[in-house]
Each structure stands twice: as C-alpha cells, then as structure tokens.
Amino acid sequence: MDRREFLKGTGYCGLALMFGGPLTALAVNNPAQAAAAAARGDRAWEALYREELLGTLGDAQGFAFHCSNCQGNCAWKVYARDGVVTREEQVAGYPQIHPRIPDANPRGCNKGIIHSKEMYQGDRLLYPLKRGGERGKGQWQRITWEQAFEEIAEKVVETLDEKGLEALMVYTGTGILSQGRRAGPLRLGALLGAQRMYPASAVGDMFTGASLAYGVTNIGHSLDAWFEAKTIFLWAMNPIVTRIPDAHYLTEARYNGARIYTITPDYNPSARSATDWVPVRPGTDAYLAMSLLHVLLRDNHIDEAFVREQTDLPFLVRTDTGELLRHRDLRPRGRDNVFYAWDEAADRAVPMPGTAGHHRETLRLGDIRPALGGTFEVQGRDGETIEVTTVLERVRAEAARYPPEETREITGVHPELVERMAADLAGAERAIINIGFAMHKYVSGTMTCWAAALACALTGHAGDRGGLDTENNWSLGGLGDLSNPKPARFGSGFFTEWLNGDMEKSMRRHYPDEHLRKTAGYDSDDVRRHVEEKKALGTSYFGRPSALLLFADNMFRRNKDESHYRETMLSGLDIFVNINHRMDSTALWADYVLPAKSHYESWDIRGELGYHRYCNITVPPKGLAPVGETRSEWEICLGLARAIARAAKQRGIEQIADPDFLEQEGDMAAPVIRDLARLEEDFTLGGTLPDDEAVVRWIMENVPAIAPWTPEDGAKHGFVILNEQAGYTSPLAANRPYYSFERNVYLREPYSTESGRQQFFVDHPTFRKLGCTVPTAMGPLRPPSFPLAFYTPHTRHGIHSQWRGNQELLRLQRGEPYIWLNPNTAAERGIGEDDPVRVFNDVGEFHCKVKLVPGVPPGAVVMDHAWEPYQFRKRLGLNNAVAGVLSLVELVDDWGHLTFSPNWDGNMIAFETSVEVERSDGGVQ
Amino acid sequence: MRQLAMVIDLNKCIGCQTCTLACKSQWTDRGGREFMYWNHVETEPGKGYPRDWKNAGGGWEGEQLRPGRLPRLHEDYGYPAEFNYEEALFEPTEKPLRPIQEMQWGPNWEEDQGAGEFPNSYFFYLPRLCNHCTKPACLAACPRQAIYKREEDGIVLIDQDRCRGYRYCVAACPYKKIYFNPTTGMSEKCIFCYPRVERGTPPACAYQCVGRARHVSYLDDREGPVHRLVNEWKVALPLLPQHGTQPNVYYVPPLSPPAFDADGRPGDKPRLPENYLEELFGPGVHDALATLEAEIERKGRGEASEVLDILIAYRHGDMFRLDRGGQQGGQGDA
C-alpha cells in the first residue's frame, strides 16, 4: 500500500460538471404546498441522517487534547470506528468553579476540531525516511526503524566520542509541550548531556519586561479572571483570535460592565470586541505606556501603602553615579544586594528587609516608613557625603517627559483616550493589563511591558486586585526526575539561534549603524561586543551542534533571515534527524525523518498551562489503528537509547565523564558520568517506564499538584483538576479565579528580584548606558530604507505552523499565503485585491497574494505569521525578509535576577523590519 | 407546531469557525457534500457566501415567490480545494503546496475585511445556517413536495427519497443555504442536527460554539433563552426579515467601539452605522442595541441584569433547552 492509498481520500471528481452553467433564474409559485407538506406522515427516510450520526460516533471513544504551543489545552472526546478516528467533540464537562463565574465549556477551537482530518492528511509522515540525494531535494528512501536507529546511533556515538557531548543537540520544539510526550526527548537528551535550547526564548516568547519587574516571566491570572475585571487592557494581544477557548470571558466581561481597551495598530478582531480601540502606531507602544505613567503620576493616582511596601520605588538612588545605594557604599566589605530607603520615621537611610542580601526575608516594614520622594544625604563608607534620591523621583522625572499631548505625534493616540485609560486603570477595583506575545517582538517591548507593570504597581493592582498578566503557568513540581535525570546543557534560545544562524549578517545589512544608534542607543558593534561577553560566561551557549535530533520543531520556518539561517545551520551538521508527525519545512531538509504519533495516538498528559485549572489526559480510543509505522516520541527515544547503547559498546566507549557537571558523592564531587552502555535501563528507569501509559501514570503519581486524582479518573473524564499547590505565587483556590502574587501581597513574602520587590530600577551598566534604569520610551528600530512596517501577528488558523497546511482550514482562507494591506497603501502601488506581490528588502524577499483590509494602518504590511515556507514560491517564507536583530537589554546576564534562567532570557525580535511591496507576475516556481 | 429556534449573539461570536468545522465533520465532509457549508461564518459587510447571496433573489413578495439565482460552484461557493501534498512534500520538486485548482472564492474569503476607512473601518462576524423558516420559500418552491416542516420541532427537511434535484429550492431560498449535491443528485441543507436533537444533544454548531454565542430552545418555552431573548427582551432579531420567510434563527446585533472624529478623538457613536444594521436586522435593531447598552451600564454600576445574565450564560448547559417537557436539557452523550 502506498502513501496515497493509505490516507483517507475525499474523491471529488466530476463535481465541476454539475455546476458552472449560466446563471439560472428559477421560481414557481405554489404556496399551498406548505400546509400539505407539513402534515405528511411518511418520514422513514429520516433514518438516513440518524445513521450518519451513529457513523461519526463510531464504536470506540477516547479522550485527547492537542499538545502544541497554543496553550489552550482543551479536553476532547475522540470517536473511532474500525480503528480510524471519525470525529472529535469537546468534552464540555469542566465543572463550574463558582455560580457567578461562567464555566469553561466547551473548550476547543477550529484547529482542535479538525485534527482527525490532519492526522490522516497527505503531509502525514508514515514511515522512516532516509535522504537519497542532496539535502532538501525531496529524494526519500523508505527504511526500517531498525536501520534508522542503527545508523543514527552510530553517528551520534561517533559525534559524542570525537566532538564531545556538547556537539549533540537534542531539541524538542514547541510542537510538543505536554508533559507526557515531551518527557521522552527531554529525558534522552539529559541522560546524554546533550544541549537543549530554551524554547520560550527561541520562539521569542519571553516577557523580559515582566522579568525585570518581578523576576518571573510568566505571571498573571487564570483567564476566567477577565470576567471579574472592570478595566482590561489587551496590549499587543489579540485573544479573540489567539485565545479562542477563553475569549468568551472577554465578551462576557463586557456584558458584565468591563471597559476593555485593545491596544493594537490594526483594527483586529479583539479591537472589534472591545469597548475602545487604541490605534497605536506600530512599535510606538512604549511612548503610550510612558504617557499613561505620566497621567497616573500627574494626577497622583498612587496607592501609597502598596508602593511603599511592595515596590522598590522608595529605594535610594545615588545622584552622583546613578546607581542604587548599596550596603557596600556605606560599609567596608558591605554587601552588594542590600538596598536602602529613607525612613521618614527615623529620618535616616535604613536597609530594606526582603532585599536579596538582607537577613530578614519579608516585605514587612515594621516601624520603617519609607519616603517616596525627596533628596537626602547619607554618609559613605569613607566618610564622604552621598546625595541620594528615590526611585520614584527618577520615575517621575522620566515620565514627566512624555505628556500625552506630545507623544500623540508619535503614537497617533489621542490624549483624551490616554487620560481615560489612566483613570479607568486607577479607578477600577480590579484591573488587568494583558501583555501579548507580540509586545516583545519589538526591542522596545521590554520597556513597554516594564512600564505597564509599573502602572499596575502605582495603582495597587496585584493579588486579587488584578495587575499585569503575561501568561500564567502552573507549577508541576515533581517532574524533574522524569525529564532531567541528569543535568542537560540547557542553553539560551534566542542567543543560540542567533549565533547558530549567523544572523549578525542580516542585522548589519538591514540596520545602518547610525540609525540603530539613534533609535536604540546602540549599534551592531555594541551587539557583537555584548554577544561576546555573554558567550564568554559559558552558561547559556554551547556552540553550533554537529548532530541534531530535532523533535517537533520548525526551526527553518521560524528563524530570521530564513534561508541564510538554514544554510548556516545545515553546513555544520554531520547528521540531522527530524522527528515529527508531519513533513514540515524543516523536516524537508533532514537526513532522516522519523514518523511520530500525533495528538490522539498515545497516552499523554498536560497541565502546566495557567489559563485554566484543568489537567487534560489523552487516552486513545480502544483499537485505534496505527497510522503507517508511526511511533510515539517515547518509543522512538527508547529505540534510540537501545541503539546508542549498542553502538557505544561496539565502539568501546561505555561511559563518558562530563566534568562540566559535578555530582556529589559523600564528601567528594565527581564528574557526572554519561553512562551510554546503560542508556536503555536509565531511560526506562530500570524497565518501569516501558511506554507512554507508564509515563502518564508516573507523572500523576509524582506531581503533587495533581493529587489526589488517579490515571483512572483521567481516563474516565478526559481531565482532572489541579489542586492549590499548582500556583507559583498564590495558592490556587478551588472556587475563584487565580491571581498572581498573593503570597507577596498578603503574606509579605519577597519577590524573586534583587530588590525583593516589584522592581523598577535596574542600574546594570547597560541600562545606565541606554538611559533605561527606569522604564522609558523607545521607538521602533525599523530602518527608513524601506517604507513599510512589517509585522506578523498570530493567526486564527494555525498554532504557529501546525495546521497551517491543513486542507479544511486552508479552505476557510484562500488556500495560499497572503499579506494584509490598507487599500490606499495598495492603490499607491497599483496593487489590487488578491493580486500577486513580491515583498522585499535588503534581507531577502518572498512572494504571496494580497488581501485589502481597511483596518490595517496605512504604511504597514501585516501578515498572519507561520505560513510554512513550502507554501511560498521557491519555498522562501516570510522570514526570508526579516532581519535578526537583538536587544542589548536582553543580552544582560549574570546580574541579580537578570541571570540566564527560565525567567531571564531574551527574544528573537520579529517586528522591527521594513519592507517594500510590488506587484509580481504570480508564478509559483 | 412547535418551533425549535436559535439565537446567535453577534457580540459573542468571535469568527473562529469552530461551528463551521463542527458542522463539516458532523455532516458535510463526505458524499458529495464536500463543497457545502451548511453552517458557515462570514465577515460583514461583504459579498458573503455564496458570493453575492444577498443579491441572488428568492424569498417572498407578498404571497408570491420572488425569482432567485443558482450560485455557481467555482465563482460563488468556491471549489473545495485539494492540495498537492504528495508532490510538494515527498517528491523532488520546488513547487509550493497549493490548491490543485486555484481557489476563486470560499466560505470565509473576506475574513476580517469589512468596510470603512482607517481608522474608522468596521466589520463583524455573521454566522449563517438554514433559518428553518416559519414560511419557508424553499418548501413552497419545491415541485416535488419533498420539503416539509416537522410538526414536533419545526425543523425544515428535504426528503432525500422524494427530492429529484430540480433546485427550485436553492433558488428560492433568499439566504442561499440550500446546496445541490452532485453525487446524489439531490439538494441538501442544514437539518438542525435533528438526529442529535432527538438524542438530547444540541446541534453541533451550537453545542460546540466555543464563544458560547448560541442559544437553542423552543420558541414557546417561556423558560428557554430563545423565548426570553426574542419575545421578552426583544434583543434578538431575524436576518433580512423583508424576505418574508420568517426565520427562526435570531441574532443579537453587534455593538462596536466608537468611531474617531477627524481629530482622532473617540466619539460617542458606534462605528457600525446604524442604518446599515437596520438593513440587515430591521428597524427593531435600534431598540435592541439601546437595551443592550442600557443593561451593560446597569451591570457596570453593579446592578443586576436579567437579559445580560442570559447572554453571559454562566453555565454552558443553560444555553440549551431541548427537552420537549420543558425541563433542563443540553448535556447529551454525543
């Protein structure tokens, strides 16, 4: 049986013959029929559609969710007949948490609902494939799993032996984010000491502005909290499109009387659902944020008690150096991380409890009454007088520069709107500022987000009063032994990709230094210098790999300067193995392609996503027939582990010492041993984890936040409910929405920042050099060499590139990629609706169609992101015209809470490129 | 005759197309129906789906049927694109993945386009299915008497034994929601998921609406959301009532953020022109919008609002009452 025969066909020949004649006008006049027909009795034929319904309900039912990077995490029923999935339908059985909060049903969107089509679609990988001709030429040979495992293992062992452990990268992309299916590749990579990038950073989804303020990047509320809020800002976020299962909480919040401000350059679906649209010009959000702060401070909308205790705004800043006043400034051998405020009660500077170096680990101020403003003098350690002021004074001075009447010229937002936003934020008992993933696609996003956090702080919005929301995640402690049995080489995402893909070239080509200095305060040489410094730390980058095992990641789609990235990456690879359920634009270039199961085909579990409190379980329908020879990631990793162990023994390298990591044995520290010979036993935990079901059972038994639920509960309902331990910074209460930072606000536990507080002053040299020790405005970086701003928000019809090539969804689009243009911008270029165009700049070009959209601002090119490059002419995707620039602030490392970790890493900047558009001939090759 | 009816809240419809695909996988992904969308969501204003359906005639002029046009497959419905997966992804070629035949139109062709001039452009989503009209033009037009309205629930069906595919019904429907099946040679359309309804499960498009925009209950069920929204609160209106078919799908009209004045200052008028909404939903649209706005203000002040509580729908199950005895329905097994 070949691929075509295997896949479910939808033969549709001959249809065209039945239509396509001239327009026909038909009418008869026979109204008397109505009564006659209504009374008819013979309705036996109705069984026809009843039988069809039974057909879709099938003979077996399982549960599933779609474990991709959408974070929606929705429980579905999956029906199958004769081993083939027939249909899926939302479980719609999540219990309501409180009578006054709408329930979460029926979670599940347009992507989830067609996965049964996707899993049998023509792009599905069915058999292990080996490249025949050159890379990327599409000459595939079908091979057996055993051959694949054996050849890959030999090459991997050779790489480890000859080039070192760090030469192997085992990376699992955002195509799999569930705890069950992700466990296999994580575990295999960790046992081998392979390098692994941080996915959130590789895809540019870090909220560094939130990291600055809180020391935590993913913070916020469960999305049912929207329903309780009276003021909501949706900033650089389009949840009506990107948070489909939770969008009802917004429309319901509006009915509940909330004011919703959608801040976005184009009149998008979330703007249309808002009470107010704030049409900020692309990339100028930081100016708007500073004007909001301006109004809040001007009108004294300050929750003083909150600010004194919960923020660093009363901390003292030296007016001479512009640095925070530290213990070491006052005492010889003083500490670096003890900071001061001016105590109005005692009229002197006092060390603030709760700072990173202070012995009192609490925010409780006791008798201290920190001054919020003023200039004071303290005596330095050598007896000198040091003049100090407060962080809030610095913030005031900065915000004073941005009255809304003046920023209007930049942002395009009318001052009255800014005034009303500020008043609604300050006046609401509960207000929420949502920061979308689009924000940090601009270099200025860090500042916008930090300023938004400050606006929440000034107005006391934290805990159950709302506050900033980036994206809440749950704490699934207990997974470590499964996914990291030994230390992995955990590296930065954005940094690794930028270096591996040699993106410096496109940065230098696209951004004239003078322009960069003017707009960003730094130039390409500064970036290069800071990159070298960060590299030298050796903590977040492990070099370009020469062997790559890539699971569910579309790196040749998502990286900037697309074709150069791909060529550079490939040139360093001795072996490239791609493991995926479908042929994506990256797999096309692999040496080996291994076919994985997809969302319905193996046991799985997912619960880390903080939009809701339900942990979903996948249990395949009984008797589900395998699709081709696909195997689960766990089975694939097990096969690789077995083969690697065998190859290592043959080569005589049963163990490799890894002195980069030390293991404590009694009093002795010894290098971690990478025990290749025992890889299979270690992978299966001595045989106790033979398959995916065992993995899910292990997770449910070992993650405290899942207790007391059992796998049987999961298999019965398709989900279980997380308990109160799931919250990081607050307990997850059973009967109300979740809000961050209740432990800080109500129990006075310090925040994970250097100041121990919500932090709005950073005196790292880079911040001082760039003039952003406090939140400030920063414009877009896009160069004037090309006239149009290019930005690429998330699409409704895919989760990144997943489902992008889906037939059902493409039929609900136009079947091929298109950009959105304002009709005037198009007309100026002689471009009309649905015309073919070429989009280009000095980075590269791509070809697509045009959709004229009056809600798009003039001077912008908007495109749904993540079309597969293989959907474009010459297979050159949209990132072929996007430059790889970096933010200097995000290169800061090794400084307090700004030290590389899952809570501090940078972003792949995506929206700072300029392009031009012209009509093209419309050819496809 | 009892009438099972639907209210679609256009303020809660987010245009996600989950309903479109719920219907597709329930009924129209097979057997010659591949090109059909018994339920779809189009962006208004626009030509819609099938293309230009509003100008394709049909409906009533007094007691006379008005002539109507048959939509064309490629140009008006859009041919159901199939893609060159095998060639593009598994064979030596540089060709992109594309529809084997280029698409000319589709059910969501004008997604998010709308009308107006930046920054005062506007659009909203209009989900459409068979209206299961009280005075169906399709029924009257059928020379075979193959179309009937069920006594127990008012669902309008095309008898697949009697139909001969003459397509008078297709032309007569002013909403162009009847499709000709070239494989069976008969006409088909939305059946209000009667096989689901009979099992106590709401229609797929409604039950699976993730925006929670659709309410389903009998029009005469005084406890049901449809009766309360349509008859009591009068916030739900039929689409293009001037066609005279008396639809049983009702719409809560769309609110919109204010338009900006020439100076960029947000005004106090919604950006969706009210005369345009009146063309779509009739003169009742003004009162319906005024009611919604007044009730939202009440909620904003912390007061109770019965109509908004119905529209909010605290429990998904509350949106559906299918039990003919008038008891709680909606949590079926499908």
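This dialogue goes through helix packing, strand pairing and a chain contact in a predicted model.

Me: Where do helices α6 and α27 of chain A lie in the sequence, and at what angle do they cross?

Reply: Helix α6(A) covers residues 145–163 and helix α27(A) covers residues 633–651. Their axes come within 8 Å and cross at roughly 55 degrees. That crossing angle makes α6(A) oblique to α27(A), because angles between 35 and 65 degrees fall in neither the roughly parallel nor the roughly perpendicular class. The crossing is right-handed.

Me: Which residues of α6(A) and α27(A) meet?

Reply: On the α6(A) side they include Trp145(A), Phe149(A), Ile152(A), Val156(A) and Asp161(A). On the α27(A) side, Gly639(A), Leu640(A), Ile644(A), Arg646(A) and Arg651(A) are among them. By class, this contact of α6(A) with α27(A) has 11 nonpolar, 1 polar and 5 charged residues.

Me: How do α13 and α17 of chain A run, given a crossing of roughly 170 degrees?

Reply: The axes of α13(A), residues 285–298, and α17(A), residues 404–411, come within 9 Å. An angle over 145 degrees counts as roughly antiparallel, so α13(A) is roughly antiparallel to α17(A). In α13(A) the residues in contact include Tyr287(A), Leu288(A), Met290(A) and His294(A), and they meet Pro404(A), Thr407(A), Ile410(A) and Thr411(A) in α17(A). The contact of α13(A) with α17(A) divides into 6 nonpolar, 4 polar and no charged residues.

Me: Turning to strands, what should I know about side chains before reading a pair?

Reply: Side chains in a regular strand alternate between the two faces of the sheet. For a case here, take β25(A), residues 655–665, and β26(A), residues 668–675, which pair in the antiparallel sense over 8 bridges. Asp658(A) stands opposite Val672(A) in β26(A).

Me: How many residues lie between β25(A) and β26(A), and which one in the turn has a positive phi?

Reply: The two strands form a hairpin with 2 residues between them. Gly666(A) in the turn has a positive phi of about 60 degrees.

Me: Which strands of the β12-β16-β15 sheet in chain A stand at the edges?

Reply: This is an open sheet of 3 strands with antiparallel pairing. β12 (316–318) and β15 (375–379) of chain A stand at the edges, each with a single partner strand, so one side of each has no neighbour in the sheet. Direction ignored, neighbouring strands are turned by 45 degrees against each other on average. β12(A) is joined to β16(A), residues 385–390, by 3 bridges, and Arg318(A) stands opposite Val388(A) in β16(A). Helix α16(A), residues 391–399, packs on the sheet and touches β12 and β16 of chain A. The direction of α16(A) makes about 60 degrees with that of β16(A).

Me: What is the strand order of the closed barrel in chain A?

Reply: Its 6 strands run β28-β32-β29-β31-β30-β33, with mixed pairing. The twist from one strand to the next averages 45 degrees. Within the barrel, β30(A), residues 836–840, pairs with β33(A), residues 913–919, in the antiparallel sense over 4 bridges. Arg838(A) stands opposite Glu918(A) in β33(A).

Me: How many residues does each chain give to the contact between chains A and B?

Reply: Chain A gives 109 residues and chain B gives 105. Helix α4(A), residues 47–57, supplies the largest share of the chain A side, 7 residues. The chain A side has 51 nonpolar, 33 polar and 25 charged residues.

Conventions. Residues are numbered from 1 along each chain as its sequence is written. Chains are lettered from A and ligands numbered from 1 in the order in which they are written. This is a predicted model: local features need pLDDT of at least 70, side-chain atom pairs count only at pLDDT 80 or more; totals for chains, interfaces and linings use all residues. Axes are lines fitted to C-alpha atoms, for helices over the stretch in contact, and angles run from 0 to 180 degrees between N-to-C directions. Angles under 35 degrees count as roughly parallel, over 145 as roughly antiparallel, 65 to 115 as roughly perpendicular and the rest as oblique. A crossing is left-handed if the near helix is turned anticlockwise from the far one by less than a right angle, and right-handed if clockwise. Two residues are in contact if their C-beta atoms, placed from the backbone, lie within 7 Å. Ala, Val, Leu, Ile, Met, Phe, Trp, Tyr, Cys and Pro count as nonpolar, Asp, Glu, Lys and Arg as charged, and the others, Gly among them, as polar. Two strands pair if DSSP finds at least two bridges between them.
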